[in-house]
Amino acid sequence: MPIEDFIREFSPADESGDESLSARRQAYEALHARRRVADPAGMQVVDERLAGVAVRRLLPVSRAEGSVVFLHGGGWNLGSVNSHHGVTADLAERLRREVVSVDYRLLPEANYAEALADCRSVVESLVPVAVIGDSAGGRLAIDVAHTSEWKGLLGLIYPVVGTPTLDNLGEDAPLLSRADVLSLWAMTTPHLPDVPADRPPTLAIEALSAERDPLTRPLEHAVLAWREAGAAVGYRRAPGMVHGALHGHAELPAMQTAWQDFCQALARRLGSEA
């Protein structure tokens, strides 16, 4: 699939932004439901509550000990274990580990501290070998690592790092503008933990970005700062790709290659600890 076709498919139907949050959530879930591919053969899917939080467990046929927690993106106000099911099922199969996808509370019904508390409760209950998040979920993963005793392998897919501003964000890009980032960020600021952006959340990090994404510039600055502070950080950038392209990893060659490299890097790190 050409990236421009992906952009057209994922562009919001109401470009004015006047569509209600409920309608946007329905459209977001419907889009991902239409695109969801069949699970890998034999994969078990179990929905339950863990530490009082709704989760989805995805268990591949062949798996090693130790779970991986996944925190979904969606700007903190969209997304669910359903919208990201295709990603988490593929991740579980590639890592050969159980993936526990967290259905944390969304904003604005909850605040950022409550969403973070849901994620932290699951992580502290499971003590996973890795925590992985994309976009807004990537920021939650960073803040879980900063505010809990857990210090395992962190996987970040075009996350929000530091404090986004017009000065430090990259250029506007399809599917995500600087104005989008700042508008969403404004919902989180009253309840964010006070953590220095240059301090590594853990000492073992793998990161994946998209070339055409305003969040890539601050992530790359953070990668350099984290390395200088002593963290072992693997990093790759998907050429020509846009924010959200993870959902097209099976159809977009550049994203497929970057996603495969990211998952293989995670698997190598986890294998070395076994």
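## Helix α3 and some unusual backbone spots

In α3, the buried residues are H85, V87, T88, A89, D90, L91, A92 and L95. Keep in mind that this is a predicted model. Put as a count, 8 of the 11 residues in α3 are buried, so the helix is mostly covered. Here's a handy bit of background for reading such a list: an α-helix has 3.6 residues a turn, so residues three or four places apart point the same way.

What comes right after α3? The helix is followed by R96, and the phi of R96 is positive, near 55°. That's a positive value in a residue other than glycine. R96 is found in the loop between α3 (85-95) and β4.

Is R96 buried or partly exposed? Its relative accessible area is 37%, and because buried means under 20% and exposed means over 50%, R96 counts as partly exposed.

L175 is another one to look up: its phi is near 75°, again a positive value in a residue other than glycine. You'll find L175 in the loop between β6 (153-157) and α6 (178-188). L175 is partly exposed, with a relative accessible area of 28%.

Here are the two residues together:

| Residue | Phi | Relative accessible area |
|---|---|---|
| R96 | R96: near 55° | R96: 37% |
| L175 | L175: near 75° | L175: 28% |

Now for a peptide bond. Which residues does a cis peptide bond join? They are L107 and P108, and omega is about 10° there. P108 sits in the loop between β4 (99-102) and α4 (112-126).

Technical notes
Residues are numbered from 1 along each chain as its sequence is written. This is a predicted model: local features need pLDDT of at least 70, side-chain atom pairs count only at pLDDT 80 or more; totals for chains, interfaces and linings use all residues. Side-chain values use heavy atoms; hydrogens and water are left out. Helices (H or I, at least four residues) and strands (E, at least two) are DSSP runs, numbered from the N terminus. Buried means under 20% relative accessible area, exposed over 50%, partly exposed in between (1.4 Å probe, protein chains only).
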